Structures are given as C-alpha cells and as structure tokens.
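Good morning, colleagues, and thank you for making time for this presentation. I should like to begin with the ligand and its surroundings, and then turn to the protein as a whole.

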Amino acid sequence: MAAFEYRDEQLFVEGLALDELARRFGTPAYVYSRAAIEAQWRAFDEGLGSISHLVCYAVKANSNLAVLNLLARLGSGFDIVSGGELERVLCAGGDPGKIVFSGVGKSEQELCRALEVGILCFNIESEAELERLNHLAGEMSCRAPVSLRVNPDVDPKTHPYIATGLKEHKFGIAMEDAVDLYRRAHDMSHITVQGIDCHIGSQLTELEPFAEATRKVLELADELLASGLELTHLNLGGGLGIRFRDENPATPAVYTGLLCELVRERPFKLLIEPGRAIVGNAGLLLSRVEYIKHSGSKHFAVVDAAMNDLMRPALYQAWHDIVPVHKCTDIDSETYNVVGPVCESGDVLGAERELRVTAGDLLAVHSAGAYGFSMSSSYNSRPRAVELMVDGNEVYVVRERERVEQLHAGEFLLPD
Ligand SMILES: *Cc1c(COP(=O)(O)O)cnc(C)c1O
C-alpha cells in the first residue's frame, strides 16, 4: 500500500481519508505516515547491512517526539545540532550512546550536558571548539569522544542556503588543516579521537559529490592511520535528496550501495546522518481553501496554511506538489497562486498551479515531512498546526494544535 494514494478520487494516508482527518482535527494539519517513515529508515539500515554501521537520523528534519520514538524503537542513532534536540532524543527514548552532536556553535552548557549523558561522538567544527571541549571534559574528569568535521571542498550542486561542503562555508575544518588538528586532538588529555566526519549539504540529487567527498575522507583516513593515529568510524553525513517534482535522486539502496563499495575492506564503522530522505516524503501539509480571489489576470487560492507553517517555498523558492484532496472534474481548471494569510507577498506555497478548486476544498502540500513543522513559527501570531501520525487505520495526535494562550505564555507587561 502506498502511503499517500487516491481511492475513488479521494486522497488517503495509509488507511484513512484526509477529508475525514480534516473534519476531525481541523486544518492546517501536518499528516505523517508511520509506515513510510519506517520503510525509509529501514532502507538505509538494510542498505548498509553488509558493513558495521549506524544510521543517525538528523533530528532537525522533523523533531516530533513520536517520530524520534518510532526511530529509536528501530534502533536508530541520532544526529543533533543543539541541546534542545538532545533533550528531545532523550525524552523520546533514544539511546545517548547512539547520538552524534554536530553544529558550529555548541555552547559550554550544551557540551557539558552531552558529556554528562555520554553521547557517542562530538562532531567538532573548529580548533576553538576542540579546546573548549577538552577543557570541559577535564573539569568533569572524563574524556570526550570526537570526530573532526572536515570540509572536503566539494560542490554538492544544491541550493546555496543548504550547501555546506565548500571552503567558503562556515562548516567544518579545511582539509589542509585537518592532519595538524588531529595530532593536537590526539595529544589532548581529555579527548579521544574516534573518527572523521563530513556533511556537504542537503537535497543532493547527484551521487558524484557524495563519492568525491567520501574519497577525500578516505584519503585523509589513510594519512592519519599511516601517521599512527587510530580511527574507529567514518561519518559521511546526510544530504540525500528526495523527489519534490521531477528530481531523480538515488534511492537509499543505491546511495548506501555506493558508500559500501567505497568503504568496504576498510576497518571502519560507517555512520550516516540522513534526515530529509527518511521523513520528507512521509508527510504532507493539509490545508483548506478559504477564498478564491481574482485580481487582474491573476487567480489566487487563499488557503489556511502559510509560510509560518511551511517556510521552504518562501525561504528556498522550494517547489512542493499541491494536489486536491478530492479530485473534482466538474469545476473548471485555472492557474492559481496558492497563497497563505500571512502579510508578506512572499507567502506563496505554490505559484502558477493548475487546479480545479473552489472555496472550502482541501489541498494537500506534498513532501512536507522534512523541514516543515520543524522550521515552522508562530509569525503573525498564528498558532502552529496540529501534527498527526497515521498508522494503518489509526490516527494519533502527536502534537496538538497550538493554542493562543500558549502563544502568550511567558510574556509580561511592564508595571504601571
Ligand atoms: C542537516 C544535517 C543533516 C541532514 O541533512 P538531510 O539533507 O536532511 O539529510 C545531516 N548532518 C548534518 C551535520 C546536518 O547539519
């Protein structure tokens, strides 16, 4: 059974009609398929089955506790980028011993907490961070396991905002500085060198940049081994793209096949950090048309979801497929800009879409499972959407719709 498919002209998520979900829980709503999430995670895990490995789901793609918990139950590791994500993983039942911690700006507090719970590895992004971690681990009388995140200077051929693996980016340590820094790390009394880490960007639709980065990481590994340093793992990051429109990214099976081929026969455990490719196409944003509006030659479908709910179109000019929940043939087709209520002209979920819709109809915005809710805000004082998880014929509220009182919580007036 496909996670999202039409039956009798009605769009279903697994065993449930979206129409029914909208009636019960309102709109806008994020709707996820448990089966789709689990199948994608397993595809990565099984793909690396022939070598020692750990799939570390990148939490920032979708950090809902229920999503994290389902993956923890499958034995997933986690890639986190903040102390907040660390607490989410722990709260969701994730194993601290399977957490890797990425990010260029880890605070003292975040590093201490991660040392305290005993994470698998810190992905170090600078010399200053390495020194800070060594110092803190000393104060706590422990040793910190680290990888250095190297910047392989590979063009991932993706949107500039989500490319991270070029020298000009703030991420990672330049290849030519890596050997020296590894030596320093090796000599630090509260650091244990575990591996090499890299992550070159997100939504990669070609395999060659992954292969190029992996080859460069392997060259560095050889150099480090030859100089007497020991390494336990290689972490090749995340970044595998998904199909939003007509992209043709590799499947997890093909991608992991390539990694296995490149790394095979080496004595390393392989870590990867996929986010988008696990949850992206396992979720959609359900929205209702409030108004149809005609302005000059333009036609607008004004819906109740907006850029605060799904920021990707406004932020990255990202294209998401937008489809009617009920396929209707007795309305004329028209070219619409599907826009939200937020007071910004950039609040467009989809431009120039051929649709048969009328006010009151439901639309589904596809490929919204990753970087959808997790990037959402309450801009314009719009409460954040409800999140639903469908499992066969059951639906679970995995995050209730935010209430207006919650938006005011923690704010105070000045005294008279
Ligand atoms: C964002 C991120 C990922 C996940 O990227 P996807 O494109 O969602 O797979 C993995 N590793 C690091 C360090 C990241 O910042």
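The ligand occupies the largest pocket. Please bear in mind throughout that this is a predicted model.

Which residues come nearest to the ligand? The shell around the ligand has 15 residues, and those that come nearest are K60, S202, E273, R276 and Y371. By character, the shell consists of three nonpolar, seven polar and five charged residues.

Let me now take the polar contacts, starting with the side chains. In Y371, a polar side-chain atom is 2.6 Å from an oxygen atom of the ligand. For K60, an N or O atom of the side chain lies 2.7 Å from a ligand oxygen atom. The backbone also takes part: a backbone N or O atom of G239 is found 2.8 Å from an oxygen atom of the ligand. How much of the ligand's accessible area does the protein cover? On its own the ligand has 390 Å² of accessible area, and the protein covers 94% of that.

I turn next to the overall fold. The protein has 12 helices and 21 strands. Its radius of gyration is 23 Å, and the globule rule gives 22 Å for 416 residues; the two values are close, so the protein is as compact as a globular protein of that length. Taken along the principal axes, the box filled by the C-alpha atoms is roughly 75 × 65 × 40 Å.

Finally, I would draw your attention to two points in the backbone, each of them in a loop. Between α1 (18-25) and β4 (29-33) lies the loop that holds P28. The peptide bond leading from T27 to P28 is cis, and its omega is near -5°.

The second point is Q317, in the loop that runs between α11 (312-316) and β16 (322-324). Here phi is near 55°, which is a positive value in a residue other than glycine.

Thank you for your attention.

Conventions:
Residues numbered from 1 in each chain as written. Predicted model: local features only at pLDDT ≥ 70, side-chain atom pairs only at ≥ 80, totals over all residues. Heavy atoms only, no water. Near = heavy atom within 4 Å. Polar contact = N/O pair within 3.5 Å; in protein donor to acceptor, adjacent residues only side chain to side chain. Areas by Shrake-Rupley, 256 points an atom, 1.4 Å probe, with all protein chains shown as cover. 1 Å grid on protein atoms, 1.4 Å probe; cavity = no way out; pocket = protein on both sides within 12 Å on 5 of 7 lines; lining within 4 Å. Sits in = over half its atoms within 2 Å of the grid points. Nonpolar A, V, L, I, M, F, W, Y, C, P; charged D, E, K, R; others polar. Helix = DSSP H or I, 4+ residues; strand = E, 2+ residues; numbered from the N terminus. Rg over C-alpha atoms; globule rule 2.2 N^0.38 Å.
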